[in-house]
Amino acid sequence: MTTQEILAYVKQHPSGKVKLAVADIDGVLRGKYISAEKFTSVAEGRLGFCDVTFGWDMGDVAYDNVKFTGWHTGYPDALVKLDLSTFRKIPWENDIPFFLGDFVDDTEKAGYTCPRQLLRKVLADTEQNGFLPYFSQEFEWFNFAETPETAHQKGYQNLTPLTPGMFGYSILRSTLKNEYMSDLFDLLCKFGIPIEGLHTETGPGVYEAAIKYAPVLQAADQAVLFKTSVKEIAYKHGVLATFMAKITENLPGCSGHVHQSLWDKDAKKNLFYDEKDPHKMSDLMKSYIAGQLHCLPQILPMIAPTINSYKRLVEGAWAPTTLTWGIDNRTVALRALPCNAKATRLETRVVGSDTNPYLALAACLAAGLYGVKNKMKLEKEATEGNGYKDLSNGVLPPNLHEATQKMKHSAVAKELFGDQFVEHFTLTREWEWKQYAKVVTDWELKRYFEII
């Protein structure tokens with residue numbers, strides 16, 4: 001739709017309002033309703049939005065260690081530029097118009113703390129090198145027959161799963177809760193999040209969805225909106241959805257695998273595919289994989305951003321722990337899928353469902369592009385069999401603290417994303433670790449209370 005058509009739709013909508021949102025550093029959408037009149041006045045201009053968006057954590061507790069904003073700045077308004085190309089109608093809210101926005105300064109310069117702007121920066125670098133990146137993200141998540149109130153009252157313990165038992169790819173379970181599952185598929189598609197597949201995954205009340213591939217910024221928008229949309233649609237059905245990476249040590253974690261390929265600038269040729277190669281993989285694809293193997297340990301918090309992320313990355317739990325690649329191997333970090341000229345791609349399996357998609361996709365793309373620009377060779381042969389046992393290229397950092405320190409002091413991370421972003425982001429991860437470190441856990445009470 002043209003700008004004029006969008007403005008006409010907003011003006012004519014009976015609600016008289018617009019919903020808009022921006023993504024914070026954790027990928028949480030922060031937003032508001034504004035009147036149609038207000039939208040008209042800022043649609044092609046700027047909107048004031050408190051910069052505390054990047055000055056507090058996901059629990060709305062203000063950081064005490066970042067420079068960007070804080071009590072020392074007085075938390076002024078930042079400027080948000082609405083991206084009219086993200087226009088959608090929310091089908092579960094009477095088709096109210098919706099938009100995403102980017103943080104900018106008063107000279108139109110991208111805000112360095114803004115995750116969407118960071119992905120734009122990486123995308124611009126990719127396009128300057130002659131490539132068009134196509135990406136998609138798939139998600140696994142748990143569903144509970146609970147509300148936010150009941151889950152809080154129960155202390156998030158002993159929650160009732162939407163369906164019982166381990167039942168992946170179940171036709172029975174998709175029929176049992178068909179109204180909810182059908183609403184997810186249909187309403188997400190109507191909201192501009194095209195779903196290629198939706199099924200139950202192994203675990204009580206676990207679903208998995210694959211989103212159709214798209215140019216990388218559009219793919220990230222779809223992924224960010226998917227997570228919030230699922231939660232909102234779930235509310236309508238008395239369901240509570242969670243995208244935590246690992247809810248219990250007794251069940252598999254939840255992935256957010258990222259699929260990616262580079263195409264020519266006209267989007268006609270998949271540059272990862274080479275008919276003449278024994279594995280059908282181009283030299284460019286091999287360099288891209290080599291770049292990720294080199295960079296991922298140095299930027300891991302961008303794709304494993306929480307304390308909980310690392311509880312998923314354990315041996316034998318369908319999530320990688322080693323720096324490995326393989327061909328159609330689900331035990332490695334990087335799963336190459338060289339099948340044909342259209343579908344050849346790389347799947348980065350380190351990524352969990354708890355990620356900020358803007359940061360996860362930016363990390364994957366920047367790391368791969370680093371390998372391409374530096375003509376890196378894929379010196380390691382593909383891992384065959386159990387990737388958990390292949391330690392030849394090293395292992396991933398085991399927790400958020402170690403991963404953050406590695407990124408904080410990484411020259412590669414600063415080259416890829418800039419000094420300011422790396423400083424701000426790693427300070428937020430240090431804050432997250434600090435909050436965790438001071439908490440007395442249930443495990444400690446059970447372990448030590450009586451016996452010690």
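Is aspartate 328 buried, partly exposed or exposed? I began with this residue, working throughout from a predicted model, and I found that aspartate 328 is partly exposed, with a relative accessible area of 46%.

**Entry 1: the partner of aspartate 328**

I looked up what aspartate 328 pairs with, and noted a salt bridge with arginine 335 in which the closest N and O atoms are 2.6 Å apart. Arginine 335 counts as buried, because its relative accessibility is 7% and the cut-off for buried is under 20%. I wrote beside this that side chains of opposite charge can pair when their charged atoms come close.

**Entry 2: the second largest pocket**

I met arginine 335 again when I turned to the second largest pocket, where Glu138, Glu208, His259, Arg335 and Glu347 are the lining residues that lie nearest the centre. The lining comprises 38 residues, and the volume of this pocket is about 800 Å³. Sorting the lining by class, I recorded 16 nonpolar, 10 polar and 12 charged residues.

I then asked which strand supplies the largest share of this lining. The answer is S6, with six residues. Strand S6 (132–144) is joined by strand S7 (195–200), strand S8 (206–211), strand S11 (258–263), strand S13 (334–337) and strand S14 (345–348), each of which supplies at least two residues of the lining.

**Entry 3: the other salt bridges I followed**

The structure holds 24 salt bridges, and I followed two further pairs in detail.

In one of them, glutamate 108 forms a salt bridge with arginine 46, with 1.9 Å between the closest N and O atoms. This pair links distant parts of the chain, 62 residues apart: glutamate 108 sits in the loop between strand S5 (96–104) and helix H3 (115–128), and arginine 46 in the loop between helix H2 (36–42) and strand S3 (47–50). I checked the accessibility of both partners, and noted that glutamate 108 is partly exposed at 41%, while arginine 46 is partly exposed at 27%.

The other pair is aspartate 102 with arginine 116, where the closest N and O atoms are 2.8 Å apart. Aspartate 102 belongs to strand S5 and arginine 116 to helix H3, so this salt bridge ties together parts that are 14 residues apart in sequence. Here I found aspartate 102 to be buried, with a relative accessible area of 4%, and arginine 116 to be buried as well, at 3% relative accessibility.

I also traced shared partners, and saw that salt bridges join Asp83, Asp102, Arg116, Arg120 and Asp221 into one network.

**Entry 4: backbone angles between H4 and H5**

Where does tyrosine 156 lie? I placed tyrosine 156 in the loop between helix H4 (148–153) and helix H5 (171–176), and I noted that its phi is positive, at about 60 degrees, although this residue is not a glycine. Tyrosine 156 counts as exposed, with 53% relative accessibility.

Asparagine 158 lies in the loop between H4 and H5 too. Its phi is positive as well, at about 55 degrees, and asparagine 158 is likewise not a glycine. I recorded asparagine 158 as exposed, because its relative accessible area is 72% and the cut-off for exposed is over 50%. As background to both angles, I noted that most residues other than glycine have a negative phi.

Note on methods
Residues are numbered from 1 along each chain as its sequence is written. This is a predicted model: local features need pLDDT of at least 70, side-chain atom pairs count only at pLDDT 80 or more; totals for chains, interfaces and linings use all residues. Side-chain values use heavy atoms; hydrogens and water are left out. On a 1 Å grid over the protein atoms alone, a cavity is a set of points where a 1.4 Å probe fits but cannot get out, and a pocket is an open set with protein on both sides within 12 Å along at least five of seven lines; lining residues have an atom within 4 Å of a point. Grid points are joined across faces, edges and corners, and a volume is the space filled by probe spheres set on the points. Helices (H or I, at least four residues) and strands (E, at least two) are DSSP runs, numbered from the N terminus. Ala, Val, Leu, Ile, Met, Phe, Trp, Tyr, Cys and Pro count as nonpolar, Asp, Glu, Lys and Arg as charged, and the others, Gly among them, as polar. A salt bridge is a side-chain nitrogen of Lys or Arg within 4 Å of a carboxyl oxygen of Asp or Glu. Buried means under 20% relative accessible area, exposed over 50%, partly exposed in between (1.4 Å probe, protein chains only).
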